[in-house]
Amino acid sequence: MNIIRYPSKEQYAAICERPHMDVSQLNATVVSVLNDVREQGDKAVMAYEEKFDKAVLTQLAVTDAEMQEAENLVEKELKDALVLAHHNIAAFHEAQKFDGKKVQTAAGVECWQKSVAIEKVGLYIPGGTAPLFSTVLMLATPAKIAGCKEIVLCTPPNKEGKVNPAILVAARIAGVNKIFKAGGVQAIGAMAYGTESVPKVYKIFGPGNQYVMAAKQHVSLHDVAIDMPAGPSEVCVIADDSSNAAFVAADLLSQAEHGADSQVILISTSEAMLNEVIKETEAQLALLPRHEIAERALANSQFVLVKDKEEAMELSNAYAPEHLIISTDDYEALAEKVINAGSVFLGNYACESAGDYASGTNHTLPTHGYAMAYNGVNLDSYNRKVTFQNLTREGVKAIGPAVVCMAENEQLEAHANAMRLRVKSIS
């Protein structure tokens, strides 16, 4: 970890820099895989599954027998936890339903919006070292609430060609039944272009590594919409003398264990607290099963000592973290100063893990500074707002002359004539 004391504003850019990798080679690999999937469909997906996931597959679709097998493998305690989390996620996203109101903008002119679900959506669920069954609930639950007609889920299998059983149980709880064994870039290509087995979708959701993020961005140029540019996970924790050092260290490590390219930042107004958190982090790190991954992530991480809370919030907003934890007594006052963040956790007891699993908020969030312009997945992510308008004769009288005037001055005569004819018809 890098310790920085009282940085100048000129140092903020360096502090906020994310880990980098050679994207030239990455992009070449991504484009090559995507082209193969576009041209060869299932055959290419299965070939890349064998190459990357070491899984030899004869078909991509998860069968009913595999779904039943998963039910028998998952313990009741985990099933109950998934049901509880699904309930809370559903409650939070149900409350986001849009109520379009008709607005009379002028006499005889009425405008309104209608929320319409995206018909076909694709969900990407990471597997690998940490199969994210929680992400199934986060993505599928609002998709069902929105009313998406077709929900396609892709997730990588293990070397035996099996999908993690908890992912399948979560899919059943959330109401998803089109599940395919495909991971990484090949999964994104399958959903973007469609194959013999995997339906083409209109929008792809889900987190992933830098290859997945690059693939999503590439297919979004011409073929399909995506939720956001989401990559390696990150957290920023703001601490002071009132913070609990053990809690803060645990929160930092909870993100660091995601992957070696994850990043954590501590911003503290107290040097004593900063030093205590460092000790706690080292002690807890040694006990983690994924300590090697977390240790590599910590090498890219910053522990920053600042003068006051104002500077702490300024640096946090410059960083625009995926997750922001304000573990101070005055968290309500600091929360008002949040401008750039994906999801914010307030107080000593609101650990980021709560939002990752069961509080109800969505954990699919913008990373890499994209929180300056993007929000996390919510119910609106699965809908489009279609606008409607109606003009009566009175409406033509009210705005017709202005429309004609503006169209003429933009030298768009056909536009002007469309309204001019209507104005004349009611004269």
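This briefing walks through the overall build, one helix, the cavity and the charged residues of the structure above. The model is a predicted one. Its protein chain has 427 residues, of which 49% count as buried, and it is built from 17 helices and 14 strands. Along the principal axes, the C-alpha atoms occupy a box of roughly 85 × 60 × 45 Å.

**Helix α6**

- Helix α6 covers residues 133-146, and its 14 residues should span 20 Å at 1.5 Å a residue; the C-alpha atoms at its ends are 21 Å apart, which agrees.
- Because 12 of its 14 residues are buried, α6 is largely enclosed by the rest of the structure.
- Among the buried residues of α6 are Ser-134, Val-136, Leu-137, Met-138, Pro-142 and Ile-145.
- Gly-147, just after α6, adopts a positive phi of about 100 degrees.

**The cavity and the charged pair in its lining**

- If you are looking for enclosed space, the structure holds one cavity of 30 Å³ or more.
- The largest cavity contains about 80 Å³ of space.
- Its lining includes Arg-18, Glu-234, Asp-261, Gln-263 and His-368.
- Two of the lining residues, Arg-18 and Glu-234, are joined by a salt bridge, with their closest N and O atoms 2.8 Å apart.
- Arg-18 sits in the loop between α1 and α2 (23-40) and Glu-234 in strand β9, so this pair ties together parts that are 216 residues apart in sequence.
- Both partners have low accessibility values: Arg-18 is buried, with a relative accessible area of 9%, and Glu-234 is buried at 2%.

**Other salt bridges**

- In total, the structure has 20 salt bridges.
- One of them brings together the side chains of Lys-9 and Glu-314, at 3.1 Å from N to O.
- That pair links distant parts of the chain, 305 residues apart: Lys-9 is in the loop between β1 (2-5) and α1 (12-15), and Glu-314 is in helix α13 (residues 309-319).
- Lys-9 is exposed, with a relative accessible area of 55%, while Glu-314 is partly exposed at 34%.
- Lys-178 and Glu-150 form another salt bridge, and here the closest N and O atoms are 2.3 Å apart.
- Lys-178 belongs to strand β6 (residues 178-181) and Glu-150 to strand β5 (residues 150-155), so the pair ties together parts 28 residues apart in sequence.
- Lys-178 counts as partly exposed at 33% relative accessibility, whereas Glu-150 counts as buried at 14%.
- A network of salt bridges links Glu-71, Lys-79 and Arg-172.

**Arg-290: buried without a salt bridge**

- Arg-290 is found in the loop between α11 (271-285) and α12 (291-298).
- Although Arg-290 is buried, it has no salt bridge; the nearest side chain of opposite charge belongs to Glu-257 and is 4.3 Å away.
- The cut-off for a salt bridge is 4 Å, so a separation of 4.3 Å does not qualify.
- The Arg-290 side chain does reach the backbone oxygen of Glu-257, at 2.9 Å.

**Asp-227: a buried loop residue**

- Asp-227 is placed in the loop between β8 (225-226) and β9 (234-239).
- With a relative accessible area of 11%, Asp-227 is buried, because buried means under 20%.
- Asp-227 and Tyr-374 are 147 residues apart in sequence, and their C-alpha atoms are 9.3 Å apart in space.

Definitions and conventions: Residues numbered from 1 in each chain as written. Predicted model: local features only at pLDDT ≥ 70, side-chain atom pairs only at ≥ 80, totals over all residues. Heavy atoms only, no water. Helix = DSSP H or I, 4+ residues; strand = E, 2+ residues; numbered from the N terminus. Buried < 20%, exposed > 50% of the residue type's maximum accessible area, 1.4 Å probe, protein only. Lys, Arg positive; Asp, Glu negative; His and termini not counted. Polar contact = N/O pair within 3.5 Å; in protein donor to acceptor, adjacent residues only side chain to side chain. Expected span 1.5 Å × (residues − 1). 1 Å grid on protein atoms, 1.4 Å probe; cavity = no way out; pocket = protein on both sides within 12 Å on 5 of 7 lines; lining within 4 Å. Points joined across faces, edges and corners; volume = space filled by probe spheres on them.
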